[in-house]
Amino acid sequence: LLPAAHGIVDAGTEVCAFMKKILKDKSGMALPLAIACILVASMLVVGLITYSSGSVLQFSNVKRMKQSEYLARTGIEATVRAYSELDDALKPVKANDSIVTQTIYLLTDKNGKEQYSLKKDASAKGEVKVSVTKVKKKFTTADETEKEFDAVEFVSTAVVDGNTSTAKASIVQTMDGYDNKWYNENGEIAYKEGGKVAYDFIGNVILSAPPKGTDSPHVNLSLGNNESAAFIGNIVDTQMPINLASASSSSPITTMAMMGKDLIFEKNITLSIRRSGFSSKGQNLGTLLISVPSNMCYTDPVTKEKVGKVYFLGDVTLAITTGLFPHTERVKLFSAGDVCYFKVKPSGQEPINVDPEIYAIDLVQYYLSTHKNSTNDILFDNIYANNGKKANAADDMRKIDPQKNKNDKFADLIPPNPDSSIYLVWE
């Protein structure tokens with residue numbers, strides 16, 4: 001807008017200078033030329049005013065439209081917060097049951113600051129109403145069975161000075177992996193084919209212990225040789241031990257991946273490396289990958305980088321078995337109670353998925369990279385470097401410690417409850 005307007009002003013200035021020159025002329029042409037210049041200058045001024053008025057009007061329309069869009073989303077967010085505090089008796093009970101909120105009015109105080117009110121006011125420049133409906137959504141289990149689960153849908157309509165916008169979002173119940181047959185009563189993960197599987201859910205995920213696991217601590221979430229599995233959600237809460245110890249000597253790689261904004265491991269985790277006594281290349285690996293998509297992450301209050309958060313409520317142990325006559329050394333990678341931020345994009349690492357671009361931290365790779373000694377260097381070279389993998393940087397993960405970092409808070413150490421944490425999915 002400014003360059004164009006600036007050009008018009010320059011042109012008007014040049015006309016005025018030209019008019020002064022003509023008025024000094026004593027010939028009979030001075031008066032007609034002066035009148036002509038005045039007409040031209042008037043046209044330029046009218047054009048400038050019209051142009052500016054149109055620009056202001058267009059800006060005002062865009063501003064009101066943006067205000068209505070913002071109000072539509074704000075209405076849903078405010079309603080979701082209020083809904084979470086309602087007694088169950090006031091909520092929709094079955095599918096297609098619906099309630100409508102009070103109208104929320106958009107006001108402006110004497111200082112021009114926007115405010116919201118439930119009381120109707122003649123000076124209100126906008127209003128929003130939200131409907132809340134219980135709906136059924138579909139989900140396909142590992143055995144190809146289609147199941148329904150409950151969700152609550154919020155639809156808002158906002159009007160600001162005649163501009164109307166709508167928004168829609170849903171909150172969904174927590175998904176239980178065992179109930180949906182992602183693994184059996186022995187903790188063995190269900191596969192379709194090829195030894196690889198990914199279980200993805202838009203909300204929070206709980207990997208609960210099978211019923212017999214209540215009395216038996218030996219039911220672990222486990223994988224077979226050369227198998228891999230991924231569990232993906234907003235919060236992923238693993239409530240049973242994970243055992244990725246590999247017993248075979250046929251050099252398998254067993255990989256489990258957890259992807260989410262908050263990853264909670266409530267029990268012990270066992271990872272493993274088995275190195276053949278006859279060949280430095282004969283390796284068995286059982287490892288855990290942690291990852292967070294860039295669109296659902298935290299910002300580290302210390303480093304300001306995009307991160308996910310992992311809560312280790314049990315110990316993470318790496319069992320390293322080496323030698324012709326196998327000897328096993330157990331190394332603790334993380335202790336129960338450790339809470340860490342981990343980078344969305346670890347230093348120097350290649351993405352594990354291209355579209356969308358997703359990275360992960362391999363806990364065994366991270367340990368070998370950051371704990372240098374002759375044995376670890378050999379293991380890293382044989383398992384990772386020889387396969388084109390680079391070492392992790394120590395700051396790819398950062399332990400949250402409020403006593404050392406004033407920006408870390410003790411509240412950051414408390415894991416969220418996936419059953420009560422609301423995850424809003426915008427549509």
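Which residue caps the N-terminal end of α4? In this predicted model, that role falls to asparagine 373, with a side-chain oxygen placed 3.1 Å from the backbone nitrogen of threonine 375. The helix that follows, α4, spans residues 374-383. Its buried residues are Asn376, Leu379, Phe380, Asn382 and Ile383.

Strand β6 offers a good place to continue. This strand covers residues 163-172 and is mostly covered, with seven of its 10 residues buried. One of its partners is strand β5 (residues 146-160), which runs antiparallel to β6 and is joined to it by 10 bridges. Within this pairing, alanine 158 has serine 165 of β6 as its bridge partner. The hairpin formed by β5 and β6 has two residues between the strands, and aspartate 161 adopts a positive phi near 50 degrees there. Strand β6 also pairs with β25 (residues 424-426), again in the antiparallel sense, over three bridges. Here alanine 169 is matched with tryptophan 426 of β25.

Aspartate 97 is a residue to look at in its surroundings. Its position is in the loop between α2 (30-84) and β1 (98-100). Along the chain, aspartate 97 and lysine 134 are 37 residues apart, yet their C-alpha atoms are separated by 5.7 Å. Once neighbours within four places in sequence are set aside, the contacts of aspartate 97 are Pro92, Val132, Thr133 and Lys134. Aspartate 97 has a relative accessible area of 24%, so the residue counts as partly exposed.

Attention now turns to charged pairs. Side chains of opposite charge can pair when their charged atoms come close. The structure holds 11 salt bridges, and three of these pairs show a range of settings, as described below.

Within helix α2, glutamate 69 and lysine 66 lie three residues apart, about one turn of the helix. Their salt bridge has its closest N and O atoms 3.7 Å apart. Glutamate 69 is partly exposed, with a relative accessible area of 35%, whereas lysine 66 is exposed because its value is 52%, above the 50% cut-off.

A second salt bridge connects lysine 332 with aspartate 315, where the closest N and O atoms are 3.6 Å apart. Lysine 332 belongs to strand β21 (residues 327-334) and aspartate 315 to the loop between β19 (306-312) and β20 (316-322), so this pair ties together parts that are 17 residues apart in sequence. Both partners can be placed by their accessibility: lysine 332 is partly exposed at 49%, and aspartate 315 is partly exposed at 24%.

The third pair joins the side chains of arginine 398 and aspartate 408, with an N to O distance of 2.9 Å. The salt bridge links distant parts of the chain, since arginine 398 lies in strand β24 (residues 397-399) and aspartate 408 in the loop between β24 and β25, 10 residues apart. Is this pair buried or exposed? Arginine 398 is buried, with a relative accessible area of 15%, and aspartate 408 is buried as well, at 3%. Both values are under the 20% cut-off, which is why each residue is assigned to the buried class. Elsewhere, salt bridges with shared partners bring Glu305, Lys343, Asp395 and Asp396 together in one network.

Note on methods. Residues numbered from 1 in each chain as written. Predicted model: local features only at pLDDT ≥ 70, side-chain atom pairs only at ≥ 80, totals over all residues. Heavy atoms only, no water. Buried < 20%, exposed > 50% of the residue type's maximum accessible area, 1.4 Å probe, protein only. Helix = DSSP H or I, 4+ residues; strand = E, 2+ residues; numbered from the N terminus. Polar contact = N/O pair within 3.5 Å; in protein donor to acceptor, adjacent residues only side chain to side chain. Contact = heavy atoms within 4.5 Å. Pairing = 2+ DSSP bridges. Salt bridge = Lys/Arg side-chain N within 4 Å of Asp/Glu carboxyl O.
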